[in-house]
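Me: Please take a close look at one part of this model. I would like residue-level detail, with the cut-offs stated.

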Amino acid sequence: MNRAILVVFVTLLVVLAGCAGGTEGTEDAIDDSQSVGDALDVVDMNVADVSPDEEYIVLENTANKPVDMSGFELRDREGGQVDGGLSPFSFPSEFVLEPEETVTITTGEGDSTDNELHWGYNVNIWRGNGDVVRLVDTNGQVVLEHAYGDFDLDKSDGDVEDDNDDENDDVSEGPVDGELEIHHIDVGQGDSTLIITPANETILIDTGDWRQDGSEVIAYLEAHGIDRIDHLVATHADADHIGGHAAVIEHFETIGEGVGAAYDSGVPSDSATYGNYLDAVDEYGVDLLIVESGDELPVEGDVSAQVMNPPSEDAGIDVNDNSVVLVFEFGNFQYLAPGDVDTGVEQRLIDEWGSDLEGDVYKAGHHGSSTSSSEALIDTVNPETAIISSAYDSQYGHPNDEVLERFAERNIETYWT
């Protein structure tokens, strides 16, 4: 792959469309620039030694919602104009590509249809090996790049000029290669998230409720061919978050490829579940690292994992308030996982980290409880998507209606395990 793709997997996915009144429906077209780029892929090109009327690229909508491409432009690697000084191709106003549909853009002249558009030139745009297809939004921001032939996108200049001939510095940050996968595992009234990086490193954040003893998590990992956990995170010591830690460590240390390291807030619990977890760490010699605000998980490649909580100073003994809060960054994409912190800690995070909390996907704090996901935090993060992990018939009433309403009012697409 030559562009960054985020894949969010949620088992037994329930879309909370309209359950709080006003949540965006599945028929509404995706129109946010980065989401458009994530939804589209170049699935075919015909650009080598062909006439302009035979030169084309094919874009496919890989999302489950329509994509609004109105005013977006196609360019090659030569900045604001295409090679030779020709004007970029502009998608027609109100052009919407339906899910799993393709659109073919041909360089030459012809009569356009819903799924075939024509650039209208008698010269080739992409001239063979080493050229690049760029999809650019209405602000001149590259949202998708695809190289043809033997060409390293990381070595391209990445500069795009807007209509005022100013260079867009943000573009130089991307694209990044590979796929980042985020799997939200259905563990009922609990939490467990698997992240797989483009370098195939695995980060497992929490392991579900103690009653399952890791069975659901291990089954899910085995079904996805996971034989090693590089980074095992306990956001905090509650038994619905570390319920499978001991079993996961034992499983991968005995019949798998092991556990690289375990990460903990350092705030203990007197529960048997927490004791079993520490016993497994000792028995199998797993490195246990205490993390705090400002640390980073040692993840390789283009993915960073920033620790934003617990604070470096003493924050007391409350396990929820000392949850390990992580922000993952991959190119221009960010994902926030806040554990079970409450609104007071959320405000401290806002004061300390500010705009660094902004993200595309937000895993709702404390299973969608009213004690978390404050308006202040949601407005600071400003996510496109929220994920809630809780039981369908939660005894605690998760997710809370007030939280769902906050998401709905802000048109945040919301999913529930």
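Reply: The answer below starts with one strand and then adds a helix pair for context.

This is a predicted model, with local features needing pLDDT of at least 70, side-chain atom pairs counted only at pLDDT 80 or more, and totals for chains, interfaces and linings using all residues. Numbering runs from 1 along each chain as its sequence is written, and side-chain values use heavy atoms, without hydrogens or water.

Strand 11 spans residues 132-136 (strands are DSSP E runs of at least two residues, helices H or I runs of at least four, numbered from the N terminus). Val132 belongs to strand 11. Its relative accessibility is 2%, so Val132 counts as buried (under 20% relative accessible area; exposed is over 50%, partly exposed in between; 1.4 Å probe, protein chains only). The C-alpha atoms of Val132 and Arg75 lie 8.2 Å apart, with their positions 57 residues apart in sequence.

Arg134 sits in strand 11 too. Arg134 is buried because its relative accessibility is 1%. What joins the side chains of Arg134 and Glu145? A polar contact of 2.4 Å does (N or O atoms within 3.5 Å, one able to donate a hydrogen and the other to accept it; sequence neighbours count only if both atoms are side-chain atoms).

Now the helix pair. Helix 2 (residues 215-223) packs on helix 3 (residues 245-254) at about 35 degrees, axes 9 Å apart (lines fitted to C-alpha atoms over the stretch in contact; angles run from 0 to 180 degrees between N-to-C directions). Helix 2 makes the contact (heavy atoms within 4.5 Å) through Val217, Ile218, Leu221 and Glu222. Helix 3 supplies Ala247, Val248, His251 and Phe252.
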